[in-house]
Amino acid sequence: MKPAAFDYVVPRTVAEAVEVLGATGRKAQVLAGGQSLILEMHLQRIRPELVVDINRIAGLDQLSVDDNTLRVGALVRHGAFESARAVPGPLGALFARAVVNIAHPPIRSRGTMVGSFAWAHPASEWCAIGTALDADIELHGQAGRRVVAAGDYFHGPYRTARRPQELITAVRFPLLGDDTGVGFIEHRRTHFCFAQVAVAAALTVRDGVISEARIGLVNCADRPLRARAAEQALIGTEVGAPVGGYRLPDGHPFARAGRIAATQDAAPLAEPFADVEYKRHAIAVLVGRTLRQAANDQRSRLAQLKGDHK
(Lines give C-alpha, C1' and ligand atoms only; values in the text may rest on other atoms or scores of the structure.)
Protein backbone atom coordinates (compact mmCIF):
# COMPACT_ATOMS: atom_id res chain seq x y z
CA MET A 1 0.00 0.00 0.00
CA LYS A 2 1.22 3.50 -0.77
CA PRO A 3 0.52 6.74 1.12
CA ALA A 4 -2.03 9.18 -0.20
CA ALA A 5 -0.63 12.16 -2.08
CA PHE A 6 0.84 14.94 0.05
CA ASP A 7 2.95 18.08 -0.24
CA TYR A 8 6.43 18.11 1.25
CA VAL A 9 8.45 21.03 2.63
CA VAL A 10 11.89 21.19 4.26
CA PRO A 11 12.26 24.25 6.50
CA ARG A 12 15.76 25.34 7.57
CA THR A 13 14.85 27.09 10.84
CA VAL A 14 12.38 26.63 13.69
CA ALA A 15 10.74 29.92 12.74
CA GLU A 16 10.24 28.74 9.18
CA ALA A 17 8.78 25.42 10.33
CA VAL A 18 6.36 27.18 12.66
CA GLU A 19 5.36 29.57 9.89
CA VAL A 20 4.64 26.69 7.51
CA LEU A 21 2.63 24.80 10.14
CA GLY A 22 0.61 27.88 11.03
CA ALA A 23 0.08 29.28 7.55
CA THR A 24 -2.10 26.51 6.22
CA GLY A 25 -5.39 25.04 7.29
CA ARG A 26 -4.39 21.72 5.77
CA LYS A 27 -3.71 18.63 7.86
CA ALA A 28 0.02 18.60 8.49
CA GLN A 29 2.45 16.13 10.07
CA VAL A 30 6.00 16.82 11.27
CA LEU A 31 8.67 14.37 10.10
CA ALA A 32 11.75 13.79 12.28
CA GLY A 33 12.59 10.09 12.53
CA GLY A 34 9.37 9.00 10.86
CA GLN A 35 9.51 5.46 12.26
CA SER A 36 5.84 5.55 13.29
CA LEU A 37 4.56 8.22 10.90
CA ILE A 38 5.75 6.60 7.66
CA LEU A 39 4.18 3.24 8.53
CA GLU A 40 0.85 4.86 9.36
CA MET A 41 0.97 6.83 6.12
CA HIS A 42 1.69 3.68 4.09
CA LEU A 43 -1.30 1.97 5.71
CA GLN A 44 -3.29 5.17 5.04
CA ARG A 45 -4.42 5.34 8.63
CA ILE A 46 -2.94 8.84 8.53
CA ARG A 47 -3.42 10.95 5.41
CA PRO A 48 -1.61 14.27 5.85
CA GLU A 49 -1.94 16.90 3.17
CA LEU A 50 1.42 18.37 4.15
CA VAL A 51 4.57 16.79 5.60
CA VAL A 52 7.04 19.17 7.25
CA ASP A 53 10.50 17.59 7.37
CA ILE A 54 12.54 19.20 10.17
CA ASN A 55 15.73 17.20 9.61
CA ARG A 56 17.58 20.16 8.07
CA ILE A 57 17.02 22.50 11.03
CA ALA A 58 20.39 23.16 12.66
CA GLY A 59 20.71 22.69 16.41
CA LEU A 60 17.77 20.34 16.95
CA ASP A 61 20.13 17.37 17.16
CA GLN A 62 21.87 18.67 20.28
CA LEU A 63 22.07 17.24 23.79
CA SER A 64 22.98 19.91 26.32
CA VAL A 65 23.17 20.31 30.10
CA ASP A 66 22.42 23.64 31.71
CA ASP A 67 21.49 24.48 35.30
CA ASN A 68 21.21 20.79 36.30
CA THR A 69 18.82 20.11 33.41
CA LEU A 70 19.29 17.89 30.37
CA ARG A 71 17.82 19.31 27.17
CA VAL A 72 17.13 16.77 24.40
CA GLY A 73 16.64 18.34 20.99
CA ALA A 74 13.93 17.17 18.59
CA LEU A 75 16.39 15.39 16.27
CA VAL A 76 18.35 13.44 18.90
CA ARG A 77 17.97 9.77 17.92
CA HIS A 78 17.11 6.96 20.32
CA GLY A 79 20.51 5.40 19.70
CA ALA A 80 22.27 8.37 21.26
CA PHE A 81 21.32 7.03 24.71
CA GLU A 82 22.63 3.48 24.33
CA SER A 83 25.79 4.49 26.17
CA ALA A 84 25.23 5.42 29.82
CA ARG A 85 27.99 8.00 29.41
CA ALA A 86 25.94 10.03 26.92
CA VAL A 87 24.07 11.70 29.80
CA PRO A 88 25.60 12.61 33.19
CA GLY A 89 24.96 10.54 36.29
CA PRO A 90 22.12 8.12 37.04
CA LEU A 91 19.88 9.66 34.34
CA GLY A 92 22.25 8.31 31.71
CA ALA A 93 22.07 4.85 33.27
CA LEU A 94 18.26 4.98 33.29
CA PHE A 95 18.14 6.02 29.64
CA ALA A 96 20.59 3.28 28.66
CA ARG A 97 18.50 0.62 30.41
CA ALA A 98 15.31 1.83 28.76
CA VAL A 99 16.47 2.48 25.21
CA VAL A 100 17.47 -1.11 24.42
CA ASN A 101 13.79 -2.02 24.75
CA ILE A 102 12.82 0.30 21.90
CA ALA A 103 12.34 -1.76 18.74
CA HIS A 104 15.71 -2.73 17.20
CA PRO A 105 18.90 -0.96 16.06
CA PRO A 106 17.71 0.37 12.66
CA ILE A 107 14.68 1.97 14.35
CA ARG A 108 16.83 3.40 17.15
CA SER A 109 19.23 4.89 14.60
CA ARG A 110 16.47 7.03 13.04
CA GLY A 111 13.64 7.39 15.54
CA THR A 112 13.80 10.24 18.07
CA MET A 113 12.97 10.63 21.74
CA VAL A 114 10.99 13.81 21.06
CA GLY A 115 9.07 11.97 18.35
CA SER A 116 7.87 9.57 21.05
CA PHE A 117 6.48 12.53 22.99
CA ALA A 118 4.80 13.84 19.84
CA TRP A 119 3.29 10.43 19.05
CA ALA A 120 2.20 9.72 22.66
CA HIS A 121 1.77 5.97 22.41
CA PRO A 122 0.75 4.50 25.82
CA ALA A 123 3.57 1.94 25.53
CA SER A 124 6.30 4.54 25.02
CA GLU A 125 9.23 4.09 27.39
CA TRP A 126 10.37 7.72 27.06
CA CYS A 127 6.94 9.15 27.84
CA ALA A 128 6.66 7.22 31.11
CA ILE A 129 10.18 8.23 32.14
CA GLY A 130 9.37 11.85 31.35
CA THR A 131 6.20 11.65 33.43
CA ALA A 132 8.00 10.06 36.38
CA LEU A 133 10.80 12.62 36.35
CA ASP A 134 8.62 15.72 35.79
CA ALA A 135 10.11 16.50 32.39
CA ASP A 136 9.09 19.63 30.48
CA ILE A 137 8.10 19.75 26.82
CA GLU A 138 9.13 22.82 24.82
CA LEU A 139 6.63 23.87 22.15
CA HIS A 140 7.00 26.60 19.52
CA GLY A 141 4.05 28.10 17.69
CA GLN A 142 3.07 31.36 16.05
CA ALA A 143 2.19 32.78 19.47
CA GLY A 144 5.72 32.05 20.67
CA ARG A 145 7.33 29.47 22.93
CA ARG A 146 5.60 27.69 25.77
CA VAL A 147 6.55 24.88 28.14
CA VAL A 148 4.18 22.12 29.28
CA ALA A 149 4.94 19.75 32.15
CA ALA A 150 4.80 16.08 31.23
CA GLY A 151 2.07 15.51 33.82
CA ASP A 152 -0.18 17.92 31.94
CA TYR A 153 0.94 17.04 28.43
CA PHE A 154 -0.56 13.58 27.82
CA HIS A 155 -4.33 13.46 27.29
CA GLY A 156 -4.73 9.88 26.06
CA PRO A 157 -3.53 7.60 23.25
CA TYR A 158 -1.97 9.83 20.57
CA ARG A 159 -3.55 12.90 22.21
CA THR A 160 -1.48 15.62 23.85
CA ALA A 161 -1.48 19.29 24.77
CA ARG A 162 0.42 20.09 21.56
CA ARG A 163 -1.60 22.23 19.18
CA PRO A 164 -1.68 21.29 15.47
CA GLN A 165 0.36 24.37 14.52
CA GLU A 166 3.04 23.79 17.17
CA LEU A 167 6.45 22.15 16.88
CA ILE A 168 8.10 20.30 19.79
CA THR A 169 11.69 21.50 19.80
CA ALA A 170 12.99 19.74 22.92
CA VAL A 171 12.23 17.82 26.10
CA ARG A 172 13.98 18.82 29.33
CA PHE A 173 14.77 16.39 32.16
CA PRO A 174 16.12 17.24 35.63
CA LEU A 175 19.40 15.47 36.26
CA LEU A 176 19.38 12.89 39.05
CA GLY A 177 21.73 13.13 42.03
CA ASP A 178 24.63 10.76 42.43
CA ASP A 179 22.90 9.26 45.48
CA THR A 180 19.95 8.11 43.35
CA GLY A 181 19.60 4.58 42.01
CA VAL A 182 17.65 3.76 38.86
CA GLY A 183 15.90 0.75 37.38
CA PHE A 184 13.96 -0.17 34.26
CA ILE A 185 12.30 -3.50 33.46
CA GLU A 186 10.00 -4.31 30.55
CA HIS A 187 7.73 -7.27 29.82
CA ARG A 188 6.49 -8.07 26.30
CA ARG A 189 5.47 -11.12 24.28
CA THR A 190 8.35 -10.99 21.82
CA HIS A 191 11.34 -8.75 21.31
CA PHE A 192 9.57 -6.83 18.53
CA CYS A 193 6.27 -6.24 20.36
CA PHE A 194 5.27 -3.16 22.30
CA ALA A 195 5.58 -3.48 26.06
CA GLN A 196 2.65 -5.12 27.79
CA VAL A 197 3.96 -3.53 30.97
CA ALA A 198 7.18 -1.69 31.80
CA VAL A 199 8.36 0.20 34.86
CA ALA A 200 10.93 2.95 35.40
CA ALA A 201 12.10 3.78 38.91
CA ALA A 202 14.42 6.23 40.63
CA LEU A 203 15.14 5.85 44.36
CA THR A 204 17.06 8.13 46.69
CA VAL A 205 18.06 6.46 49.95
CA ARG A 206 19.74 8.30 52.82
CA ASP A 207 20.93 6.49 55.95
CA GLY A 208 19.07 3.39 54.83
CA VAL A 209 15.72 5.22 54.49
CA ILE A 210 13.97 6.11 51.23
CA SER A 211 13.75 9.89 50.97
CA GLU A 212 12.44 10.12 47.41
CA ALA A 213 10.83 7.66 45.01
CA ARG A 214 9.70 8.07 41.42
CA ILE A 215 7.90 5.32 39.53
CA GLY A 216 6.80 5.56 35.90
CA LEU A 217 4.34 3.04 34.44
CA VAL A 218 4.36 2.07 30.75
CA ASN A 219 1.16 0.81 29.07
CA CYS A 220 -0.69 0.66 32.39
CA ALA A 221 -3.44 3.07 31.32
CA ASP A 222 -4.40 5.07 28.22
CA ARG A 223 -1.41 7.35 28.89
CA PRO A 224 1.90 7.22 30.80
CA LEU A 225 1.44 7.26 34.56
CA ARG A 226 3.36 8.19 37.66
CA ALA A 227 2.58 5.75 40.48
CA ARG A 228 2.13 8.38 43.16
CA ALA A 229 0.33 6.21 45.74
CA ALA A 230 3.09 3.62 45.54
CA GLU A 231 5.72 6.35 45.81
CA GLN A 232 4.14 7.78 48.94
CA ALA A 233 4.03 4.34 50.54
CA LEU A 234 7.80 4.07 50.12
CA ILE A 235 8.82 7.44 51.60
CA GLY A 236 10.37 6.96 55.05
CA THR A 237 10.67 3.20 54.60
CA GLU A 238 13.85 1.35 55.45
CA VAL A 239 15.29 -0.45 52.45
CA GLY A 240 16.92 -3.20 54.50
CA ALA A 241 19.45 -5.72 53.25
CA PRO A 242 19.57 -6.70 49.56
CA VAL A 243 17.04 -9.39 48.65
CA GLY A 244 17.95 -11.98 46.05
CA GLY A 245 15.93 -14.68 44.37
CA TYR A 246 13.19 -14.59 41.82
CA ARG A 247 10.40 -13.37 44.08
CA LEU A 248 10.27 -10.67 46.73
CA PRO A 249 8.78 -11.64 50.10
CA ASP A 250 5.15 -10.49 50.33
CA GLY A 251 5.93 -8.24 53.29
CA HIS A 252 8.82 -6.45 51.62
CA PRO A 253 8.18 -2.72 51.07
CA PHE A 254 8.90 -3.07 47.35
CA ALA A 255 6.34 -5.86 47.03
CA ARG A 256 3.77 -3.74 48.89
CA ALA A 257 4.52 -0.79 46.60
CA GLY A 258 3.97 -3.06 43.61
CA ARG A 259 0.53 -4.10 44.86
CA ILE A 260 -0.40 -0.46 45.51
CA ALA A 261 0.73 0.57 42.03
CA ALA A 262 -1.28 -2.24 40.45
CA THR A 263 -4.49 -1.57 42.36
CA GLN A 264 -4.47 2.18 43.09
CA ASP A 265 -2.29 3.86 40.46
CA ALA A 266 -2.75 1.82 37.32
CA ALA A 267 -5.82 1.67 35.09
CA PRO A 268 -4.77 -1.06 32.63
CA LEU A 269 -6.65 -1.78 29.44
CA ALA A 270 -7.12 -5.32 28.16
CA GLU A 271 -5.10 -6.45 25.14
CA PRO A 272 -5.46 -9.61 22.98
CA PHE A 273 -2.74 -11.43 24.93
CA ALA A 274 -3.04 -9.66 28.28
CA ASP A 275 -6.33 -9.12 30.08
CA VAL A 276 -6.72 -6.63 32.91
CA GLU A 277 -6.11 -9.20 35.66
CA TYR A 278 -2.91 -10.38 33.96
CA LYS A 279 -1.65 -6.83 33.55
CA ARG A 280 -2.33 -5.94 37.20
CA HIS A 281 -0.33 -8.97 38.27
CA ALA A 282 2.50 -8.01 35.91
CA ILE A 283 2.48 -4.42 37.22
CA ALA A 284 2.77 -5.59 40.83
CA VAL A 285 5.65 -7.93 40.03
CA LEU A 286 7.56 -5.52 37.79
CA VAL A 287 7.25 -2.55 40.14
CA GLY A 288 8.73 -4.61 42.97
CA ARG A 289 11.58 -5.92 40.83
CA THR A 290 12.37 -2.53 39.33
CA LEU A 291 12.51 -0.94 42.78
CA ARG A 292 14.88 -3.69 43.89
CA GLN A 293 17.02 -3.00 40.81
CA ALA A 294 17.06 0.72 41.65
CA ALA A 295 17.98 0.05 45.28
CA ASN A 296 20.86 -2.22 44.22
CA ASP A 297 22.01 0.41 41.74
CA GLN A 298 21.96 3.03 44.49
CA ARG A 299 24.07 0.82 46.78
CA SER A 300 26.60 0.38 44.00
CA ARG A 301 26.75 4.12 43.37
CA LEU A 302 27.28 4.93 47.04
CA ALA A 303 30.00 2.30 47.31
CA GLN A 304 31.72 3.78 44.25
CA LEU A 305 31.46 7.30 45.65
CA LYS A 306 33.02 6.18 48.94
CA GLY A 307 35.78 4.42 47.04
CA ASP A 308 36.47 7.50 44.94
CA HIS A 309 36.83 9.62 48.07
CA LYS A 310 39.38 7.34 49.76
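Tutor: Let's start with a definition: two strands pair if DSSP finds at least two bridges between them. Keep in mind that this is a predicted model.

Student: Thanks! How many bridges do β11 and β12 have, then?

Tutor: Take strand β11, residues 180-187, and look at how β12 runs beside it: the pairing is antiparallel. One point on this stretch is Gly 183, which stands opposite Ala 201 in β12. Pairing needs at least two bridges, and for β11 and β12 the number is eight.

Student: Which residue in β13 is the bridge partner of Leu 203?

Tutor: Strand β13 covers residues 209-218 and runs antiparallel to β12, with nine bridges joining them. Follow the bridge from Leu 203 into β13 and you arrive at Ala 213.

Student: Which residue in the turn of the β12 and β13 hairpin has a positive phi?

Tutor: The hairpin has two residues between its strands. One residue in that turn has a phi of about 55°, and that residue is Asp 207.

Student: How many of the 10 residues of β12 are buried?

Tutor: Buried means under 20% relative accessible area. Strand β12, residues 197-206, is mostly covered by that cut-off, and its count of buried residues is nine.

Student: Let's move to the open sheet. Which strands stand at its edges?

Tutor: The sheet has five strands with antiparallel pairing, in the order β4-β5-β10-β6-β7. An edge strand has a single partner strand, so one side of it is left without a neighbour in the sheet. Those strands are β4 (63-66) and β7 (144-149).

Student: What is the average twist from one strand to the next?

Tutor: Go through the strand order β4-β5-β10-β6-β7. The twist from each strand to the next averages 25°.

Student: Which residue in β5 is the bridge partner of Ser 64?

Tutor: Strands β4 and β5 run antiparallel and are joined by four bridges. Start at Ser 64, cross the bridge into β5, and the partner is Arg 71.

Student: Which strands of the sheet does helix α1 touch?

Tutor: Helix α1, residues 14-23, packs on the sheet, and its direction makes about 125° with that of β10. The strands it touches are β6 (136-141) and β10 (167-174).

Student: Now the rings. How many aromatic pairs are there?

Tutor: Rings of Phe, Tyr and Trp pair if their centres lie within 6.5 Å. By this rule the count is eight.

Student: What kind of pair do Phe 81 and Phe 95 make?

Tutor: Their ring centres are 5.2 Å apart and their planes stand at 80°. Planes over 60 degrees apart count as edge-to-face. So the Phe 81 and Phe 95 pair is edge-to-face.

Student: How many residues apart in sequence are the parts that Phe 81 and Trp 126 tie together?

Tutor: The rings of Phe 81 and Trp 126 have centres 5.3 Å apart and planes at 65°, so this pair is edge-to-face. Phe 81 lies in the loop between β5 and α3, while Trp 126 lies in helix α6 (residues 125-132), so the separation in sequence is 45.

Student: Is Trp 126 buried or exposed?

Tutor: Residues under 20% relative accessible area count as buried. Trp 126 has a value of 0%, so Trp 126 is buried.

Student: Which residues do ring pairs link into a cluster?

Tutor: You have met some members already, as Phe 81 pairs with Trp 126. The cluster consists of Phe 81, Phe 95, Phe 117, Trp 126, Tyr 153, Phe 154 and Phe 173.

Student: How many of the 11 residues of α3 are buried?

Tutor: Among the buried residues of α3 are Pro 90, Leu 91 and Phe 95. The helix is largely enclosed by the rest of the structure, because its buried residues number nine.

Student: Which backbone nitrogen does the side chain of Asp 297 reach?

Tutor: Asp 297 is found in helix α10, residues 276-308. Its relative accessibility is 11%, so Asp 297 counts as buried. The side chain of Asp 297 also makes a polar contact with the side chain of Arg 301 at 2.8 Å. The backbone nitrogen it reaches, at 2.9 Å, belongs to Val 182.

Terms used. Residues are numbered from 1 along each chain as its sequence is written. This is a predicted model: local features need pLDDT of at least 70, side-chain atom pairs count only at pLDDT 80 or more; totals for chains, interfaces and linings use all residues. Side-chain values use heavy atoms; hydrogens and water are left out. Rings of Phe, Tyr and Trp (its six-membered ring) pair if their centres lie within 6.5 Å; planes under 30 degrees apart count as stacked, over 60 as edge-to-face and the rest as tilted. Buried means under 20% relative accessible area, exposed over 50%, partly exposed in between (1.4 Å probe, protein chains only). A polar contact is a pair of N or O atoms within 3.5 Å; within protein, one must be able to donate a hydrogen and the other to accept it, and residues adjacent in sequence count only if both atoms are side-chain atoms. Axes are lines fitted to C-alpha atoms, for helices over the stretch in contact, and angles run from 0 to 180 degrees between N-to-C directions. Contact means heavy atoms within 4.5 Å.
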